[in-house]
Amino acid sequence: MVVSRVFVRGLGAVSPAGWSLPALRAAAEHHEPLPVQSLARPGWAEPLRVRQVPTPVDRPRILAHPRLRRSSAISHYAVAAALEALGPDVADGAWVAERLGIVVCVMAGSVCYSRRFFEETLRDPATASPLVFPETVFNAPASHLAACLGAGGSNYTLVGDNGAYLQGVALAADWLLNGRVAGCLVIGAEETDWIMADALRLFRRRAVHSAGAGALYLVAEDRAQTFAELVAVTDAFSFADRREQVEAARRMRAQLPAGAPGELLCLSTRNLPGADLAEENAWGDWPGARLAPKVVLGEAFTAAAAWQCVLACESLRRGKFKAANVSVVGASQQAIGARFA
Amino acid sequence: MLFPPNQTAAAPVRVVVTGAGIVTALGLGWRANADGFRAGRAAFRPVTLFDVSRQRARLAAEVDLPAAPESDDAASRVGRRLDRATRMLLLAAGEAWGQAGWTGGERLPLVLGTTGGGMTLGEAYVKQALARPALSRGQPTRIVHYQAQRQGLEVGAALGFRGPITIIANACASGTNALGHAWELVRTGRTERALAGGYDALCQLTFAGFDSLQALSPTRCRPFDAGRDGLALGEGAAILALESLEPARRRNAEILGEIIGYGAATDTHHLTQPHPGGDTACATMTAACASAGIGPAQVDYVNAHGTGTPANDATEALAINRWAGPRAPTLPVSSTKAGIGHLLGAAGAAEAVACLMAIRGQWLPPQLSLIAPDPAGRFRIVQAPADAPVRVALSNSFGFGGANASLLLRRWS
């Protein structure tokens with residue numbers, strides 16, 4: 001069977017709002033920035049400001065899986081979001097093993113264990129922990145997820161800025177079109193660490209680092225019970241500086257429909273005037289509703305881009321809008337957009 | 001548009017290699033590396049880039065890079081700011097680009113595999129953040145240039161093109177996955193051309209990491225040897241210019257070889273250990289052959305993942321035995337990691353270039369370090385330099401996290 005269309009069948013999210021899509025949705029709809037927490041920064045009296053993922057009220061049972069006992073928070077977030085998105089299809093073991101693809105997108109990746117292992121190395125490399133090092137590898141979360149699901153098929157980890165998540169969505173769509181997989185989880189995941197919060201502060205003093213994961217479960221058209229269609233992913237327009245960023249955002253916007261009053265635009269803006277300029281210029285004439293989840297949740301790079309997609313698709317599932325554009329102007333690489341209907 | 005694609009081929013098109021660039025400890029460029037691979041030269045030496053006095057292993061295959069430019073012009077200042085990984089990547093990409101005869105200005109996909117990006121800058125960032133927390137001087141630059149996407153942007157800027165940059169970080173299979181993904185982009189008509197490969201520089205975190213796992217050889221890297229005791233790390237970059245056949249023919253490009261198959265799958269057994277049965281490794285070789293429409297009998301040489309660790313080589317040996325079947329006893333196999341070490345994210349790409357060299361030159365890369373072949377492998381380890389007919393070569397990459405991938409290359413004639 002020739003596949004020509006790609007649909008969204010499931011959504012999942014872990015965020016500073018909690019360990020579920022409903023928690024993410026409630027926070028986004030409330031429009032109020034979530035409280036920030038303090039994170040100690042070695043050598044400073046003043047702590048950094050972050051939005052942490054809260055400890056789950058009911059610890060997900062999957063976190064007892066042997067693969068996840070020693071793994072970093074980013075893997076926990078990725079697996080939890082993926083399982084929520086996969087829903088009951090997780091029970092179809094043979095299908096998952098052979099026909100499910102996984103694409104995990106990260107920018108900072110397993111930064112907590114990387115920083116910890118390097119600190120151990122600096123103290124004395126002879127005693128650095130062999131249990132920690134494997135968790136520093138970019139594809140550790142994707143590997144853990146595959147092991148938890150028993151998914152032995154295509155599995156890529158993409159690294160890039162926020163826009164890498166939409167590159168991952170396009171990659172999954174390509175795999176579905178060419179029959180390499182019949183379903184694909186696309187996950188954006190990040191974790192908080194003082195080293196990342198410190199790095200972000202150097203560029204945007206008011207930006208708040210956050211963490212979590214978002215997941216789309218995409219299927220080819222022969223799978224029923226879908227609620228949104230992936231209509232388009234624009235080209236990835238690279239930029240090297242702020243001037244090029246403006247042009248990249250404009251070109252990305254030009255590849256998406258102009259929009260209508262009954263449509264949603266889900267933006268990557270953070271309510272930081274200088275940082276948001278390129279995206280605000282590109283979408284100044286948007287006629288429909290707008291949503292900017294990072295204003296509420298903070299900057300979580302690929303996870304934040306995933307939340308944008310998840311919230312856009314959730315609004316379609318609930319019948320609030322006819323279509324939704326997602327705009328991602330990344331931190332350091334690319335402007336890229338998507339449309340769901 | 002990335003989706004739906006602007007263009008799609010009605011039927012898969014043939015994908016040829018019109019440029020190749022490589023940097024390893026054997027040297028800079030095709031010639032130095034071809035000579036080194038053909039002779040089976042080993043390029044290991046005591047590590048000088050960081051302190052290894054407290055590690056079990058002390059050797060690695062370090063690249064001798066040209067000195068950074070000292071003049072005060074803008075280009076030299078940029079050059080001095082670049083880390084080792086970026087400099088190796090630019091050298092390899094420049095060689096491939098020049099050999100392909102491509103010109104800038106076009107929108108061209110760049111697909112790169114890496115495990116660390118500019119990790120040495122990340123290490124420098126952490127060191128300063130810990131040692132001098134109040135000092136932010138230099139830190140923003142380290143953050144920007146540490147990121148793998150930035151190294152991709154540097155390639156585009158140096159060669160004069162701009163396009164989507166895809167970074168695949170599937171551990172030690174990253175380079176093969178990058179080439180495989182680019183091959184699929186060209187093969188399906190998504191693009192006529194793509195630049196793809198892998199890069200990684202030696203860094204303290206990675207060295208200490210493999211040493212902590214006791215995966216590094218304290219003696220000498222001897223893949224598939226009965227007495228093997230670990231891998232040796234290396235560094236480098238390798239880039240291929242991939243192009244659909246007809247446009248390459250129209251412009252009379254020199255064709256270095258053809259990529260004809262690719263397979264990838266995930267071993268869910270363990271984060272760092274392959275399944276002892278080698279099922280997934282066998283499946284990727286089978287899948288690569290299936291996509292090429294050939295069988296093991298048509299494969300003339302296997303460039304094994306062959307790290308030299310007891311577990312990897314045992315598993316890979318079983319997998320090759322099973323995949324090759326009756327072909328195994330006469331199948332030439334070697335691991336070029338015996339000469340250049342494990343290049344991690346660059347390994348698959350560098351080994352694909354080694355395969356190209358072998359099929360271009362009609363010789364087999366030997367492993368001179370082998371003392372007593374592990375009897376688990378029923379295939380023939382190439383132990384001495386030898387000319388041989390090599391029409392099709394298979395390159396294996398099996399990484400952490402169970403990322404397994406195989407690539408098939410064919411001689412162009």
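Helices (H or I, at least four residues) and strands (E, at least two) are DSSP runs, numbered from the N terminus. The model is predicted: local features need pLDDT of at least 70, side-chain atom pairs count only at pLDDT 80 or more, and totals for chains, interfaces and linings use all residues. Residues are numbered from 1 along each chain as its sequence is written, while chains are lettered from A and ligands numbered from 1 in the order in which they are written.

**View 1. The loop after β6 of chain B holds B:Ala171.** This loop runs between β6 and α7 (174-187) of chain B. Phi of B:Ala171 is near 55 degrees, a positive value in a residue other than glycine.

**View 2. A cis peptide bond joins B:Phe3 to B:Pro4.** Its omega is near -15 degrees. B:Pro4 belongs to the segment before β1 (15-24) of chain B. The mean pLDDT (the predictor's confidence in each residue, from 0 to 100) is 96 for chain B, with 100% of its residues at 70 or more. The model as a whole has an ipTM of 0.97 and a pTM of 0.98.

**View 3. Chain B meets chain A through 54 residues of chain B and 57 of chain A.** Two residues are in contact if their C-beta atoms, placed from the backbone, lie within 7 Å. On the side of chain B that touches chain A, two or more residues come from each of α4 (119-131), α5 (139-146), α6 (148-159), β6 (165-168), α8 (204-212) and β9 (257-266) of chain B. That side has 28 nonpolar, 20 polar and six charged residues. In this classification, Ala, Val, Leu, Ile, Met, Phe, Trp, Tyr, Cys and Pro count as nonpolar, Asp, Glu, Lys and Arg as charged, and the others, Gly among them, as polar.

**View 4. Strand β5 (residues 155-159) of chain A pairs with β6(B).** Two strands pair if DSSP finds at least two bridges between them. Here the sense is antiparallel, over two bridges. A:Leu158 stands opposite B:Ile168 of β6(B).

**View 5. Helix α4 (residues 111-123) of chain A crosses α8(B).** The two axes come within 10 Å and cross at roughly 85 degrees. Axes are lines fitted to C-alpha atoms, for helices over the stretch in contact, and angles run from 0 to 180 degrees between N-to-C directions. The angle makes α4(A) roughly perpendicular to α8(B). Angles under 35 degrees count as roughly parallel, over 145 as roughly antiparallel, 65 to 115 as roughly perpendicular and the rest as oblique. A:Phe117, A:Phe118 and A:Thr121 of α4(A) make the contact with B:Gln204, B:Leu205, B:Ala208 and B:Gly209 of α8(B). By class, four nonpolar, three polar and no charged residues form this contact.

**View 6. Within chain B, α4(B) packs against α5(B).** Their axes are 8 Å apart and the angle is about 150 degrees, which makes α4(B) roughly antiparallel to α5(B). The crossing is left-handed: the near helix is turned anticlockwise from the far one by less than a right angle, whereas a clockwise turn would be right-handed. B:Leu121, B:Gly122, B:Ala124, B:Tyr125 and B:Gln128 in α4(B) meet B:Gln139, B:Arg142, B:Ile143, B:His145 and B:Tyr146 in α5(B). The contact has five nonpolar, four polar and one charged residues.

**View 7. Within chain A, helix α2 (residues 73-86) meets helix α5 (residues 140-149).** The axes come within 9 Å and cross at roughly 45 degrees, and therefore α2(A) is oblique to α5(A). This crossing is right-handed. From α2(A), A:Ile74, A:Ser75, A:Ala78, A:Val79 and A:Ala82 meet A:Ala140, A:Pro141, A:His144, A:Leu145 and A:Cys148 of α5(A). Eight of the contact residues are nonpolar, two are polar and none is charged.

**View 8. An open sheet of three strands in chain A has the order β2-β3-β7.** The pairing is mixed. Strands β2 (37-39) and β7 (209-210) of chain A are the edges, each pairing on one side only. Strand β3 (residues 48-51) of chain A runs parallel to β7(A), joined by two bridges, and A:Val50 has A:His209 of β7(A) as its bridge partner. Helix α7 (residues 194-203) of chain A lies across β2, β3 and β7 of chain A, at about 110 degrees to β3(A).
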